[in-house]
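Trainee: Could you take a close look with me at one part of this model, starting from a single side chain and working outward? I would like to hear it as one connected account.

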Amino acid sequence: MAEQPQGCARVSGSVEGAPPDTQPPQELTKPQESNRMAARVGQKAPDFTAPAYYRGGFTSVKLSDFAGKWVLLCFYPGDFTFV
Amino acid sequence: MSAVAAQYRKLQELGAEVISFSVDSHFVHKMWNDHELSKMVDGGVPFHMASDQAGNVGRAYGVYDESQGIELRGRFIIDPDGVIQAMEVLTPPVGRKFAESIRQIQAFQLVRASGGKEATPAGWEPGKVTLKPGPGLVGKVWEVWKPSME
């Protein structure tokens with residue numbers, strides 16, 4: 001996995017197939033919009049690419065690169081939190 | 001996340017990988033690994049700690065909390081075809097039970113290996129009886145499985 005150059009831009013994970021310039025939602029009164037791609041069991045997992053820290057280096061991780069393997073995908077509230 | 005890292009070997013034995021996500025940058029992930037997690041787990045975190053600062057990935061999985069700007073504790077088991085087989089979402093104050101994720105992966109692997117001919121009853125663990133759904137089992141589950149076997 002190649003080490004990637006690290007700029008100062010605030011990079012984030014992105015969903016494959018989503019519009020490239022995804023703006024944060026301006027109207028919080030429309031949360032149903034965020035459910036358009038909501039994950040469900042029995043359905044294909046939304047593919048993504050995201051910057052990652054991995055074994056001492058910085059890289060990018062893409063879900064579909066793990067095709068053929070089982071993947072445990074874990075979200076958590078934040079680094080340096082207590083649980 | 002240190003609980004997952006500590007038992008990563010078990011997942012590798014099952015041919016499973018881990019990807020973790022929070023809204024912190026990958027730079028903060030490095031600091032958390034170097035200054036705290038590596039003190040709980042020998043060698044530090046062995047899997048990809050991914051960053052979702054804009055919440056795009058969390059939104060796609062239905063676990064991004066817009067009001068707090070954080071990811072909820074969502075856990076997904078994805079099979080080799082890229083299909084979600086299991087999901088669980090907890091609010092932040094309660095942690096997960098890692099052994100249950102292992103058990104579920106083992107159960108889904110058994111079902112997959114059987115080509116869907118076998119199913120695992122409540123509380124199944126490796127070595128325990130499985131069910132073989134079919135005409136002969138209708139109304140006869142009580143003969144092969146009881147709640148006390150859970």
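**Starting from one side chain**

Mentor: Happily! B:Asp79 has a relative accessible area of 5%, and it counts as buried because that word means under 20% (exposed is over 50%, partly exposed in between, with a 1.4 Å probe and protein chains only). Keep in mind that this is a predicted model, in which local features need pLDDT of at least 70 and side-chain atom pairs count only at pLDDT 80 or more, while totals for chains, interfaces and linings use all residues. Residues are numbered from 1 along each chain as its sequence is written, chains are lettered from A and ligands numbered from 1 in the order in which they are written, and side-chain values use heavy atoms, with hydrogens and water left out.

The partner of B:Asp79 is B:Arg112, and their side chains meet in a salt bridge at 3.7 Å, N to O. B:Arg112 sits in helix 5 of chain B and B:Asp79 in the loop between strand 5 (73-78) and strand 6, so the pair ties together parts that are 33 residues apart in sequence. The term salt bridge asks for a side-chain nitrogen of Lys or Arg within 4 Å of a carboxyl oxygen of Asp or Glu, and the element names are DSSP runs numbered from the N terminus (helices are H or I with at least four residues, strands are E with at least two). While B:Asp79 is buried, B:Arg112 is partly exposed at 38% relative accessibility. B:Asp81 belongs here too: together with B:Asp79 and B:Arg112 it is linked in a network of salt bridges.

How many salt bridges are there over all chains? The search of the whole structure finds 7. Another of them joins B:Arg59 and B:Glu66 at 2.7 Å, N to O; B:Arg59 is buried at 13% relative accessibility, and B:Glu66 is partly exposed at 26%. In chain A, A:Asp47 bridges to A:Lys62, with the closest N and O atoms 3.2 Å apart. That pair links distant parts of the chain, from the loop between strand 1 (14-15) and strand 2 (48-54) to strand 3, 15 residues apart. A:Asp47 is buried at 19%, and A:Lys62 is partly exposed at 25%.

From strand 3 of chain A we can step across to chain B. Aromatic rings of Phe, Tyr and Trp (its six-membered ring) pair if their centres lie within 6.5 Å; planes under 30 degrees apart are stacked, over 60 edge-to-face and the rest tilted. By this rule there are 11 aromatic pairs over all chains. One of them, A:Phe58 with B:Phe27, is edge-to-face, at 5.0 Å centre to centre and 85 degrees between the planes. The pair crosses between chains, from strand 3 (residues 57-62) of chain A to helix 3 of chain B. A:Phe58 is buried at 13%, whereas B:Phe27 is partly exposed at 34%. Next come A:Phe80 and B:Trp32, whose ring centres are 6.1 Å apart with planes at 50 degrees, so the pair is tilted. A:Phe80 lies in the segment after strand 4 of chain A and B:Trp32 in helix 3 of chain B, so this pair also joins two chains. Here A:Phe80 is partly exposed at 39%, and B:Trp32 is buried at 5%. Elsewhere, A:Phe48, A:Phe75, B:Phe21, B:Tyr61 and B:Phe76 form one aromatic cluster.

Now for the nonpolar cores: sets of buried Ala, Val, Leu, Ile, Met, Phe, Trp, Tyr and Cys residues joined through side-chain atoms within 4.5 Å. The largest has 25 residues, of which A:Leu72, B:Leu11, B:Phe47 and B:Met49 touch the most other members. Elements that each supply at least two of its residues include strand 4 (70-75) of chain A and, from chain B, helix 3 (26-40) and helix 5 (98-113). A second, separate core of 23 residues includes A:Val71, B:Ile19, B:Ala50 and B:Phe76. Setting aside neighbours within four places in sequence, B:Phe47 is in contact (heavy atoms within 4.5 Å) with several residues, among them A:Tyr53, A:Tyr54, B:Val4 and B:Tyr8.
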